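Hi,

Here's the model I promised to pass on. Have a look first, and my notes follow underneath.

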Amino acid sequence: MLKTGIGITILLCVAFLVQSSFFAHFPIYGVTPNLVLLLVLGIALFSDERYPTDIIAALAGGVILDTFSSSFFGIWIGVLLALVLGIRFFIRKYVRLSSFSIFS
Amino acid sequence: MSTRFIFLKKYGIGVGLALLFLLIGGNMFFAKVREVTFRASLPLQSLLWKSGASVAQFSEGILYPSALSKEAQYLRDEQSLLISELLSLQDIKREYELLLQSIGNGLPEDFRLQRVDMIGIVPGGDMILIGQGREEGVHAGMSVITSGRVFVGVVKEAFPHASTILLPSHKDFAYDTRIAEKNVMGVVQGAGQGRASMEFLPPDALIETGDIIVTNRIGSVLPPNLFIGVVRETQQVDVESFQRAHIDLTFSPRSLELLFLVVE
């Protein structure tokens, strides 16, 4: 779990740097996609709910986005955690298939 | 006692406390954390920004050749127009110099500029990062402009080797400006997501689409007469108490590369 956590944090850091410095030159309809948000959502959708991989991703992603944003530290952590917990709740309540988890 | 309740009792309090400490600690040491993060990420960000710019430039030529040739034609036309304007301005400058000499004054001093490099855009798009900081003489409140003397923004925070620049579209941006030629003053206020408006314009002032907005000499900390944008449309606010003008900013943060800091 520790290895997964470190791996996810590094992946999110790289995603953020690529998003803010490289993909900033390639806007889609004027908007640069928030790679960190997309990655956290992806992890939340495809992770095994028995492990807190998605929570770790939300925390790491939130800290990274909050560090680089100008507003109150904690906004992105809250947003990503709420999204991940919402997805967990939705999957537990409405999705029966659990065989497509990629992240342990 | 259900399994879920035991889990919450065992880990929930710990996770909650950890989150609380993270939020309190994060806000207490926010500046320090950001300073360290900027320093660590600076080389990679600078490299990614430069490679992104070259890939974008290369791919634009391949993906949109017709748009590129149209732009080249437009620029050629614009260049000839500018050359003719430059010639007439040179005549005016000569007359102005002669006039100043005759009344015993020198020419007004120009800005002292320092080159800075853009290295990234903060999510939201209304703040950018430059690769120079306190160690290179950057301080909060300094203005950043393009080589074409277009106002880009104000330094919000200066770290040892990086700084954040507040663009006019950022919600925290509010500075005195004026409409050039008409000399009508107002406050340019950012609205987020690349949008900005000019507030507190007199209700009886005749503001038209295309009017040019520049920084103001009076009551502002910004260097005077820097081009900010043009009026897109006007709107009457609060039953004739003042007017608001929605503005188009002159630049897009993505097109910025070579920037200058106004040192004096």
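How many bridges join strand β1 of chain B to strand β12 of chain B? There are 5, between residues 113-121 and residues 258-262, and the two strands run antiparallel. (Strands are DSSP runs of E, at least two residues, and helices are runs of H or I, at least four residues, numbered from the N terminus; two strands pair if DSSP finds at least two bridges between them.) One of the partnerships is Gln114(B) with Leu261(B) in β12(B).

Before you read on: this is a predicted model, where local features need pLDDT of at least 70, side-chain atom pairs need pLDDT 80 or more, and totals for chains, interfaces and linings use all residues. Residues are numbered from 1 along each chain as its sequence is written, chains are lettered from A and ligands numbered from 1 in the order written, and side-chain values use heavy atoms, leaving out hydrogens and water.

That pairing belongs to a closed barrel of 6 strands in chain B, in the order β1-β2-β5-β4-β3-β12, with antiparallel pairing.

Now the interface. Chain B puts 32 residues in contact (heavy atoms within 4.5 Å) with 29 residues of chain A. On the chain B side, α1 (3-28), α2, β1 and β2 each give two or more residues, and α2(B) has the largest share, with 16 residues. The rule finds 0 salt bridges across this interface (a side-chain nitrogen of Lys or Arg within 4 Å of a carboxyl oxygen of Asp or Glu).

Cheers
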